[in-house]
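Reader: I should be grateful for a close look at the helices of one chain. Which of them face the neighbouring chain, and how do two of them pack together?

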Amino acid sequence: MNEKAISALRAIFGERLKTSLEDRICYSFDATGKEFLPDAVAYPLTADEVRRTVLLANDHGFPVVPRGAGSGFSGGSLPVHGGVVLSTERMDRILSIDTENLVAVVEPGVVTGTLKEEVKKRGLFYPPDPASLKFCTVGGNLAECAGGMCAVKYGVTRDYVLGLEAVLGTGELVRTGVYTVKGVVGYDLTRMLVGSEGTLGIITKATLRLIPLPESAATILAFFGTSEQGARAVAGMVEERITPCAMELMDRTAVDCVREIASLPIPAGAGCALLIEVDGPAASVAREAGQVEEACRRFGAIEVSRAADSAGRERLWELRRSISPSIRKVNPVKINEDIVVPRSRLAEMFSFLSGLASRRDLKIVNFGHAGDGNIHVNIMISGADEDERRRAEGAVEEVFRKTVELGGTISGEHGVGIAKAPFLEMEVGPLGVSVMRRLKDCFDPNGILNPGKIFLSEPAVRP
Amino acid sequence: MSDDGLRALTGACAKCGTCRTVCTLYPERKAEISVARGKIALVEAALSGRDENAEAMQEALTDCLLCGRCERACPNHVLVEEIIMKGRADAARKAGIPAWKRVLFGGVMPSSGKRDAARGLAAAAQNLLLKKIPTGSGLHYRFPDAFGFSGRTVPKLPEKGFVASLAPGEASAGDVMLFVGCVFDHVFPAVGRASYDSMKASGRAIAVFRDAACCGLPAMVSGDWESARRCAEENVRRLLAAEPERIVFPCGSCLLMFKRNMLALIPEKHPLREDAVRVSNLCGDYASFILETGVVSRLPDPPAEGKAGEICYHDPCHLSGTLGKGSEAREVLRGAVGDAFAEIPGADVCCGYGGTFNVRDYPTSSRIGENRISIAARGGARVVSTACSGCILQLRDMAARTRPSMRVVHIAELVAGALGGR
């Protein structure tokens, strides 16, 4: 970016524009561990400031990269071509919580967990619950269409968006969607923007759907001998019309990783754990919890237990949450994938993954939202061994091919960003990519918004 | 930047963002540069030579309270405090340390005699220059606006420090050593006295560590590891010569220095390493001593007329957080004041003092601190008790500024009161 562009930005943001190397370094990363230095960082407070920034960018030809909390796993907020990072963290007001219509209107920088807490105080529920909910922002969740543990019953971020306000790549401020339960006037631009990773527009306000807070919940932990057995239990329960609000699976390595730090005993033969939560009115929770326990036993669980109270539930969830940090024991560098397969194919996917690990001599830890068919495949490498890194990269491609072959998708909730961009065409095909590119041109003709994401200039991996 | 083990420490950070949820400063700054992962990214950039601006690095790394909340929340157990202190030390080597700090850390702090003299001078000066304001915790002085300290108040310095006020031969022998700390000796000698008196109730012989050097924390967090190390070495030598069975600290920050930071100052291969580890293992907090020696069980029943819930406890970050000694102080409080003690929300949120942080950004420091006082008041408290010299300095100033009737005390003062008053 040239001096003229910087001083024009300074006229908009004043002290809220940062250009020192130190400030720029602090916005060069996200949770992928990759780094790209922006030319400047700005903290907008209003949609108008965002709009004026994008207009300037069109005049001067610099990239604009929106960023929430920088907690993404696919590189969506990384300024890969420099430019200005627009950090929405100071646009963090909850503008309204409408208890008559069950609607919340928020600015993009509101922390997801904060919104959940605020609506909970009014007996309401905003279901999306990515693991980073204590720090990730609603804006980032919308841009990446974040999911979470309870997606199996309640869906993902896109299922709770009624309308948006966003600045397009042209600098125009567009309002999409409705404030009502339904609405079918014209194309669904709201859903167009959700999951677009800041490449079509920068979200400046969101109208979100809320639902009543479930009155009670029960949590069940079941251990199985193998992941395949656990996966068959998941598919079996889905077929039996049991709908838990969470259904988390941990494979043998994940179970071994938490074994020593867990506050509860893990049976010796356990090669897989399923953590299942049901919620709703107390009477139906009791019935469904019984059904879940019964089904787990029928599918060969070696041990099934139910938390007696909320403290017990918390202990069980602690087990699940401690996996992600503790798997670093296996190896320091984590290659984190986020595939989804139809639930009936889960067992097949797990067999494939264990075969892949031994065939390529890699350590792979699998856990995730099995109820959605969503597995976080974590290939753990030392980071120092070049050959191991190449084997891991090959394994990633194999995992993706198998996923698509089974009728699945290569990213359930992390987005494409830069991490999955080489594989976009593998899943959506050349026509799919072409239609997406045409849409991109329509929303952002000069390629100002978050360039280098989703698409590669040349597709690296063909179908 | 020289490695000094830093690469291994910073490499553990996954940049996940958990530190944003607990950082005391983040709600004030709303910028990534204020939180641990931002600062770690800066240290990494300095290590790899991508950022060689030592002044800017010093500025960024100094903007931190070292409350350690990020370190405790971190899923990867990244040692953030060590990274920041080492980063500050490196930046200080290149960018320098202000002259007044060099004189204070290198010249005054290691010597108890010079600290005495400095207190005398300062006491005379404040009487002449500053405006008096009475508070629930004693007389404070307010800086005139012309000094540019945004209404800062300071406690009236005493004529004599606690150690100087001891009779010759008093508290000179005993297998339990009391490490009073500079602030409880020279600024709030009543806390030193209350600690000593209440510890005597254990029936053990208590010796006050008279020729203590400063614990070294102010120097260490300012990046002056040389001066901090000199303090640590002096203390280790002098303490071992006294052959104590245990060493008791009324101040959580001094204790943190001895339990943890000292071992970074005196690393493996240092000639005093073994001695330092031995000393470190003898050190413990005031509340644990009071509990273990049965002082609490010997206290008379709290008076029935005590108002329920009028005394709260503020968790010092270093003591309750880093060292995990939060429940002991509460048990002591319940023994000393009974139902008058009640929890307030956010008792474990940092007071915003941060030592040098309070000097470099008083407006932010006081915003954070005043909030602690107003939350305590809203919870019905009339007394905030705590167990760290930094928290007391900060909270007494904050109370003097916004709510002079609020008393801020050390738990030892409540224990001594319970022993003597009833």
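Author: The account below turns to chain B, starting with its contacts and ending with a pair of helices. The model is predicted, so that local features need pLDDT of at least 70 and side-chain atom pairs count only at pLDDT 80 or more, whereas totals for chains, interfaces and linings use all residues. Residues are numbered from 1 along each chain as its sequence is written, while chains are lettered from A and ligands numbered from 1 in the order in which they are written.

Chain B brings 20 residues into contact (C-beta atoms, placed from the backbone, within 7 Å) with 23 residues of chain A. On the side of chain B that touches chain A, at least two residues each come from α2 (19–22), α4 (36–47) and α5 (54–62) of chain B; helices here are DSSP runs of H or I with at least four residues, numbered from the N terminus. The most is given by α4(B), with four residues. By kind, this side of chain B holds nine nonpolar, six polar and five charged residues; Asp, Glu, Lys and Arg count as charged, Ala, Val, Leu, Ile, Met, Phe, Trp, Tyr, Cys and Pro as nonpolar, and the others, Gly among them, as polar.

Two further helices of chain B, α14 (residues 225–242) and α16 (residues 273–282), have axes that come within 10 Å and cross at roughly 70 degrees. Such axes are lines fitted to C-alpha atoms over the stretch in contact, with angles from 0 to 180 degrees between N-to-C directions. α14(B) and α16(B) are therefore roughly perpendicular to each other, a term for angles of 65 to 115 degrees. From α14(B), A232(B), V236(B), L239(B) and L240(B) meet D275(B), A276(B), R278(B) and V279(B) of α16(B). The residues of this contact comprise six nonpolar, no polar and two charged.

Notes
Contact = placed C-beta atoms within 7 Å. Parallel < 35°, antiparallel > 145°, perpendicular 65-115°, else oblique.
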